[in-house]
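Reader: I'm a first-year student and I'd like a close look at one part of this protein. Please take me through its salt bridges, and tell me where the partners sit.

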Amino acid sequence: LRCEEIHSRINFRLCVQIIEHVWSPIIKKPQELWHKFFPKGSITDFSVEDSCRKTSGVPLTVFVNTGICELKKLVELDLSKNNLYGHLSPCLSNLTHIKVLDLSSNQLTGNLQSVIANIKSLEYLSLDDNNFEGSFSFNSLKNHSKLQVFKLSNSLVKIETEEFPGLPEYQLKALNLRNCSLHALPSFLLHQLDLRFIDLSHNKLQGTFPSWLLQNNTKLDTLYLLNNSLSGNFQLPSSKHDLLRIDISHNKFSGQLPGNMGKILPELLSLNLSENGFEVRIPSSMSEMKRLESLDLSSNNFSGELPRQFLSGCFSLSFLSLSDNHLQGEVVFPNSTNLCWLYLNNNHFSGKIQDGLSKATSLLELDLSNNMLYGQIPHWFGNLSGLQFLDISENQLSGSVPSSFNLSSLRRLYMHMNAFNGSIPGALRRSSSLTVLDLRDNQFSGSIPIWINEFSYLGILLLRGNQLKGNIPNQLCHLSLLNILDLSYNKFNGPIPVCFANVTLWTLGQAAGSFVLWETTQRISTEFEAYYNSTLELSEVKHFYKASGQRGIEFMTKKRYESYKGDILNYMTGLDFSCNELTGDIPSEIGSLSEIRALNLSHNFLSGSIPQSLSNLKMIESLDLSHNDLSGQIPPQLTELNFLSNFNVSYNHLSGPTPNAGQFANFDEQNYGGNSGLCGPRINKSCTTVLEPPETPSDGAEEDESAVDMVAFYWSFVASSVTVILGLFAILWVNSYWRRLWFYFIDAYIDLCYYWFYKYVFNR
């Protein structure tokens, strides 16, 4: 804490140790100890790092009382990323030499204009992420001739945007007004000619694209206008501009992109036009953007084929998203060995998967889902050794998975809704880091391989709608991190394994760990050192937006398909064995899955009684045991299931009273139908009704009557059958029209029988 040179620039930082041994006595005797350690004029730089979390809840007046305002030669003051609260003290205007003032990421309140207006020596002012209130006018900074950087992101402050008299004396280099509820651009921007960085994101701006900002500020390299309400065409200046980064996503722009866009903005590194209404073709002039690294055109109305010049010219691309458009033709991949993220999903691409990515060894994520691609998986997929996310679902791909499918880094694999066949590919065994495996709605056959237990990180396993058969293997019980298991609509037989109590997340929930289904997030950070030189570490502006590789997990629960994504997957747990050929009793061990939220065992051949242990499924929301051979009573203990909203035991052989307490007071006949032995108020059937037994006739009379009736029945049946057959042949022989009509009826009936046989027997 010793100041060797009183007037030198000292970058002082409070560390945890200093707080522990010095901070508390300073608060008790602020003036005395502050002047003891720091004589007047001895400090020119003062910074409290964000590592000093023990300052949480300290009012700003504490810092003022310690004598900061008496440091007349203080040049740079950084109090950012603490937990300071209170109002700005008027004595800050005594810091007549202050150039850098960073109060961002605190909880400061009050009106900031009256204090800031008097500190005219400021060159860098950051007030981001606080709770300031009231109005703020840039007219209050009119005489701050040295101001270069201004940052204020606060939705509680009303920024006045109207024209003020006179011209501002300052020429800003960087302006950050994120999340300030702006409805229009501040008028002072018309007089700014030296801006390098502008961020007006997350406001309520309306009108057209402000191309004049580019014309007036020839050195502008970053322009962020995302998440506003700007509309109209995307008009660019008529001459070339050296802009590096532009983001106008999540607006209401429409029309075509300028045909000369690539020639006007050839130096772009990052371009985000997603979530707008742009249409027609992607301009081929974008091939002029040789330095382009990140391009997001997703969620627009682009159509037509991809320009080959564009794909071959942008050889620096590392991120490309064209998802959610109307693009068509064959998939042509960009000619970039730097490509890491490629999203072409939700378009109309057709044809086979071409070989353009065979050399993209840096590729991390590839999404080709929901197109019209056909053919087999190319063998060169095995070259993508670093691939972590692959989605080729909802296409027309077929055949077996090649043995070269050696993707050891793969974490999420989606192949559902295609026509893949054969057994579950053994090549997947090399992908031991898988967290999601989705093979639903294909034609895979055979059994679940015994090496499935090697996927120790697997959280989602979806095999619904295939032709898999055999017993459910006990190896599935070794997948301790399993969240969702869907084996429905297959041909599995045999008993339900009793070992599922070993699945940790189904028994202990999140206390045992968290299944992480990570999502791709593009991060673009702007370091303000590029716009202002300081001895302090100036806070950066970070832009995060989620890329396309975040497919939801679809799972049937509560009688409908739900899509789960993001953090909710850490809490969703489910087990679906419905529509198979399972037999035997429901294991009582199922009751130990206390954290499971959805359990579907319907449409099987399960027998025995409903285990009383199911009352231990305390988190269950959906329980379906319908269409089985269950018997006995419904355990009354099930009324303890307080979160149960969907319950179905219809079409079994259950008997006795239906529960009528708790959640069961909401269920009716639809939940219990097809069980003639059930009774209770919920199904409008009294349990006290006693039917009188029918009278039993004497043995002799029954024997005589039975004998006479049976003989008469046999003779009358034979005579009637012969009469009908002869009459039918006679009619068909005489009348040719009726004969043709009869044979047409026979043909239609045969076709109908074949259809139902194929649907419910052959495809089961």
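Author: What follows is a short word on the model, then the salt bridges one by one, then a look at a neighbouring ring pair.

This is a predicted model, in which local features need pLDDT of at least 70 and side-chain atom pairs count only at pLDDT 80 or more, while totals for chains, interfaces and linings use all residues. Residues are numbered from 1 along each chain as its sequence is written, and side-chain values use heavy atoms, with hydrogens and water left out.

The pLDDT (the predictor's confidence in each residue, from 0 to 100) averages 82 over the protein, and 81% of the residues score at least 70. Some parts fall lower: over residues 690–708 the pLDDT is below 50. DSSP runs give the helices (H or I, at least four residues) and strands (E, at least two), numbered from the N terminus; the protein has eleven helices and 50 strands.

Now to your salt bridges. Side chains of opposite charge can pair when their charged atoms come close. Here the rule is a side-chain nitrogen of Lys or Arg within 4 Å of a carboxyl oxygen of Asp or Glu, and it gives twelve salt bridges.

Let's start with Glu267 and Arg291, whose side chains meet at 2.9 Å, N to O. Glu267 belongs to the loop between helix H6 (261–264) and strand S18 (270–272), and Arg291 to the loop between S19 and strand S20 (294–296), so this bridge ties together parts that are 24 residues apart in sequence. To say how covered a residue is, we call it buried under 20% relative accessible area, exposed over 50% and partly exposed in between (1.4 Å probe, protein chains only). Glu267, at 23%, counts as partly exposed, and Arg291, at 39%, is partly exposed too.

Next come Arg412 and Glu365, with their closest N and O atoms 3.7 Å apart. Arg412 lies in strand S30 (residues 412–414) and Glu365 in strand S26 (residues 365–367), so the pair joins parts 47 residues apart in sequence. Here Arg412 is buried, with a relative accessible area of 1%, and Glu365 is buried at 3%.

A further bridge joins Glu640 and Lys618 at 3.3 Å, N to O. Both are loop residues: Glu640 sits between strand S47 (629–632) and strand S48 (646–648), Lys618 between strand S45 (605–608) and strand S46 (622–624), so parts 22 residues apart in sequence are tied together. Glu640 is partly exposed at 42%, and Lys618 is partly exposed at 37%. Elsewhere, salt bridges that share partners join Asp438, Arg440 and Glu554 into one network.

Finally, back to strand S19. Rings of Phe, Tyr and Trp (its six-membered ring) pair if their centres lie within 6.5 Å; planes under 30 degrees apart count as stacked, over 60 as edge-to-face and the rest as tilted. Among the 23 aromatic pairs, Phe253 and Phe278 are stacked, 6.2 Å centre to centre with 5 degrees between the planes. Phe253 is in strand S17 (residues 252–255) and Phe278 in strand S19 (residues 277–280), 25 residues apart. Phe253 is buried at 1% relative accessibility, and Phe278 is buried at 0%.

Note on methods:
Contact = heavy atoms within 4.5 Å.
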